[in-house]
Amino acid sequence: MALVSRIPSSSPTAIQSRKKTKSFVLTPAFTVHCASNSQKASPFTEKHSIERYQRDSWMYKHQLQQPSHSCPLPPDQEFVRDYDIALQLPELRKLLEVLKEKRENGNGVQKRGPGNVFLVGTGPGDPELLTLKALRVIESADLLLYDRLVSNDVLNLVGPDARLLYVGKTAGYHSRTQEEIHELLLSFAEAGANVVRLKGGDPLVFGRGGEEMDFLQQQGIEVKVVPGITAASGIAAELGIPLTHRGVANSVRFLTGHSRKGGTDPLFVAENAADPDSTLAVYMGLSTLPSLASKLMFHGLPDDTPAAAIERGTTPQQRIVFAALKDLAYEIASQQLVSPTLIVIGKVVALSPLWPHALKEISSLVESR
């Protein structure tokens with residue numbers, strides 16, 4: 001099955017490194033660019049790409065009739081959200097009516113019970129990392145609700161008769177609230193639809209899949225979870241970083257950079273996480289990394305601990321920054337990494353095959369001075 005063409009790279013893979021001091025330490029960052037970023041990504045980039053407009057034409061058919069190939073956005077985010085919902089609701093009602101008609105016979109008697117809801121993990125980005133079960137479920141769905149982190153390549157695997165509905169969230173913009181997502185899943189399941197909730201990574205690792213499963217089960221809807229490769233393991237494996245390694249790291253800890261209510265400093269776990277023999281994988285941590293790094297070092301984690309930040313891991317747009325813990329936040333800002341970015345902190349980062357090359361580049365800069 002053909003996949004949607006990925007965003008082409010405008011230049012071959014480039015390797016950059018920078019020096020800030022004359023001593024041979026990890027202060028210089030080592031950055032790997034797997035694709036160029038000409039401008040900072042908009043929080044709406046995924047949703048308003050040409051590919052997704054084409055695949056979601058049932059929802060945006062009026063906009064697709066416009067002669068322009070661009071997808072301009074109104075400046076007001078609340079307007080965008082309300083506009084999207086206004087576009088979607090009529091089509092959603094029509095789809096519900098069709099499903100209910102299929103479910104009933106001529107006498108108005110229901111032929112079958114409620115449909116199923118599948119919570120499907122799509123992995124860190126590379127569609128080839130999907131499980132066979134996830135692929136089978138995606139191909140047989142009636143309706144798919146997908147997040148911002150689900151790639152166009154994955155969406156192109158959806159059957160031609162299925163409907164796609166974007167329900168993604170990003171900082172400062174939620175296309176739908178979590179409560180609305182719950183109600184959408186419930187409404188279509190009650191109508192007998194085969195509903196698939198697509199999530200980046202694994203649906204039960206920082207994906208709020210547990211909340212959706214709990215809500216639906218309380219309403220009597222059967223929920224089936226199809227696990228996906230979570231970002232920490234998928235991206236680290238891609239880079240050759242073992243999250244655990246005998247004699248180097250005896251445990252791994254997954255952290256989130258956001259609190260439940262969206263606070264800016266939820267990282268109260270730093271005191272217990274500052275273990276030099278453990279690996280830290282931080283999800284959604286770009287904004288809170290400066291605070292986390294300071295707290296980790298305050299509680300005893302060496303400031304020269306190897307660390308890496310990986311933007312859009314496992315995809316052609318992947319960019320990587322290597323640096324010491326004390327410099328990582330600065331280097332992320334200077335390279336303008338954007339979400340989604342995974343942060344890995346720990347001695348295992350130095351086991352990546354890319355790390356010796358990083359040290360070589362740094363050493364060359366030092367000797368040239």
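Mentor: Before we start, one cut-off: a residue is buried when its relative accessible area is under 20%. Keep in mind that this is a predicted model.

Trainee: Which residues point one way from β12, and which the other way?

Mentor: Strand β12 covers residues 306-311. Its residues on both sides are buried. One way point Pro306, Ala308 and Ile310; the other way point Ala307, Ala309 and Glu311.

Trainee: How many of the residues of β12 are buried, and why is the strand called largely enclosed?

Mentor: Buried means under 20% relative accessible area. Glu311 fits, at 1%. Across β12 the strand is largely enclosed by the rest of the structure because the buried count is six of the six residues.

Trainee: In what sense do β12 and β13 pair, and over how many bridges?

Mentor: Two of the facing pairs help you find your way. Ala308 stands opposite Phe322 in β13, and Glu311 stands opposite Arg319. The strands pair in the antiparallel sense, and the bridges number six.

Trainee: Is Arg319 buried or exposed, and at what relative accessible area?

Mentor: Arg319 belongs to strand β13, residues 319-324. Val321 and Ala323 are on one side with Arg319, while Ile320, Phe322 and Ala324 are on the other. The cut-off for buried is under 20%. Arg319 is therefore buried, with a relative accessible area of 5%.

Trainee: With which residue does Glu311 form a salt bridge, and how far apart are the closest N and O atoms?

Mentor: Side chains of opposite charge can pair when their charged atoms come close. Glu311 already stands opposite its partner in β13. That partner is Arg319, and the closest N and O atoms are 3.0 Å apart.

Trainee: Which residue in β14 is the bridge partner of Ala309?

Mentor: β12 and β14 run antiparallel and are joined by five bridges. β14 spans residues 341-345. The bridge partner of Ala309 there is Ile343.

Trainee: Which element gives the most to the largest nonpolar core?

Mentor: The core holds 22 residues, and Leu296, Leu328, Ile332, Ile343 and Ile345 touch the most other members. Elements that give two or more residues include β11, β12, β13, α11 and β14. The top contributor, with four residues, is α10.

Trainee: What does Ile332 touch, not counting residues up to four places away in sequence?

Mentor: Ile332 is one of the core residues that touch the most other members. Ile343, the bridge partner of Ala309, is on the contact list, as is Ala309. The full list is Leu286, Leu289, Ala309, Leu337 and Ile343.

Trainee: Which are the buried residues of helix α8?

Mentor: Helix α8 runs over residues 231-238. Its buried residues have cover that includes β10, β11, β12 and β14. They are Ala231, Ala232, Gly234, Ile235 and Ala236.

Trainee: Which residue with positive phi follows α8?

Mentor: Look past the end of the helix, residues 231-238. The phi there is near 75°. The residue is Gly240.

Trainee: How many residues apart are Arg197 and Glu212 in the chain?

Mentor: The two form a salt bridge, with the closest N and O atoms 3.2 Å apart. Arg197 lies in strand β8 and Glu212 in helix α7, so-called distant parts of the chain. The separation is 15 residues.

Trainee: Which residues are linked with Arg197 in a network of salt bridges?

Mentor: The whole structure has seven salt bridges. Arg197 is buried at 1% relative accessible area, and Glu212 is buried at 0%. Linked with Arg197 in the network are Asp147, Lys199 and Glu212.

Trainee: Are Glu211 and Arg208 buried or partly exposed?

Mentor: Their side chains meet in a salt bridge, 2.9 Å from N to O. Glu211 has a relative accessible area of 39%. Arg208 has 39% as well. Both count as partly exposed.

Trainee: How much accessible area does the nonpolar patch with Val252 have together?

Mentor: Val252 sits in strand β10, residues 251-256. Val252 is partly exposed, at 34%. The patch on the surface also takes in Phe206, Phe254 and Met284, and together the accessible area is about 310 Å².

Trainee: How far apart in space are Phe188 and Asp142, C-alpha to C-alpha?

Mentor: Phe188 is in helix α6, residues 178-190, and counts as buried at 1%. In sequence, Phe188 and Asp142 are 46 residues apart. In space, the distance is 9.3 Å.

Definitions and conventions
Residues are numbered from 1 along each chain as its sequence is written. This is a predicted model: local features need pLDDT of at least 70, side-chain atom pairs count only at pLDDT 80 or more; totals for chains, interfaces and linings use all residues. Side-chain values use heavy atoms; hydrogens and water are left out. Buried means under 20% relative accessible area, exposed over 50%, partly exposed in between (1.4 Å probe, protein chains only). A salt bridge is a side-chain nitrogen of Lys or Arg within 4 Å of a carboxyl oxygen of Asp or Glu. Patches are made of residues with over 30% relative accessible area and no salt bridge: like charges are joined within 9 Å, nonpolar side chains (Val, Leu, Ile, Met, Phe, Trp, Tyr) within 5 Å. Accessible areas come from the Shrake-Rupley method with a 1.4 Å probe; for residues, only the protein chains shown count as cover. Two strands pair if DSSP finds at least two bridges between them. Contact means heavy atoms within 4.5 Å. A nonpolar core is a set of buried Ala, Val, Leu, Ile, Met, Phe, Trp, Tyr and Cys residues joined through side-chain atoms within 4.5 Å.
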